[in-house]
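Here is a short walk through a structure, residue by residue. Keep the view open as you read.

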Amino acid sequence: EDPLPHVRYWAASLLGRYVDAEAVEGLAALTRDSDPRVRIVSIRTLTKMRRPSALPIAISLLEDPVGFVRAQAIRSLAALGIDEENPVLRRWYARRISPLLADTVWEARLAAKEALVGLGPAVWREVAVQLASPDALARNGSAEVLRNIGLGERLIDEIADGLLPSAQQISILEAA
């Protein structure tokens, strides 16, 4: 609650060391702080602490007006998604992240690519949607993610094993 942003920043950062601290509840409020650096460290700390409020806050920060805050929100969301072993849940996270391959800020685009690769091969359909984006960089980013998660190699292995890939998978390979 200090009027100085750098004090709020360090308070939010240092609270990450004290998982059971009562003051942690104030972190959620700091994700709406006027200073973007405070918003970033607050969501980072909530994510690190695996607080239940981290998920809805990270989703809301995907629309933050500041690009580097959106980038942190993507990273936080991916960190939460990577903890999920269920591929359906990983795809749920990827559906929220993949549109940010078309973000106007390079740092957010990069965070989206890294996050989607980190979520693994189960998210290929959500990533492939961006191959049809009107944004050329989003299309390229999607193709890069698909390559990095091993989609091409997986389809080649399926063909070699006598399994035929679906028409959708073939069209994605052609687009990528």
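Trp92 is partly exposed, at a relative accessible area of 25%. That value is from a predicted model. Buried would require under 20%, so Trp92 does not count as buried. Its sequence neighbour has another label. Tyr93 has a relative accessible area of 5%. That is under the 20% cut-off, so Tyr93 is buried.

How do the rings of Trp92 and Tyr93 pair? They are edge-to-face. The centres lie 5.1 Å apart, and the planes meet at 85°. An angle over 60 degrees counts as edge-to-face, which means that 85° qualifies.

How many aromatic pairs are there? The count is 2. Tyr9 and Trp10 make up a pair as well. Their arrangement is edge-to-face, with 5.2 Å from centre to centre and 85° between the planes. Are these two residues buried or exposed? Tyr9 is partly exposed, with 26% relative accessible area. Trp10 is also partly exposed, at 49%. Exposed would need over 50%, so Trp10 stays in the partly exposed class.

Now turn to Glu126. This residue sits in helix α8, which covers residues 124-128. Is Glu126 buried or exposed? Glu126 is buried, because its relative accessible area is 9% and the limit is under 20%. Which residues does Glu126 touch, leaving aside those up to four places away in sequence? They are Arg91, Ala94, Arg95 and Ser98. With Arg95 there is also a polar contact, side chain to side chain, at 3.3 Å.

Technical notes. Residues numbered from 1 in each chain as written. Predicted model: local features only at pLDDT ≥ 70, side-chain atom pairs only at ≥ 80, totals over all residues. Heavy atoms only, no water. Helix = DSSP H or I, 4+ residues; strand = E, 2+ residues; numbered from the N terminus. Buried < 20%, exposed > 50% of the residue type's maximum accessible area, 1.4 Å probe, protein only. Polar contact = N/O pair within 3.5 Å; in protein donor to acceptor, adjacent residues only side chain to side chain. Contact = heavy atoms within 4.5 Å. Phe/Tyr/Trp six-rings, centres within 6.5 Å; stacked < 30°, edge-to-face > 60°.
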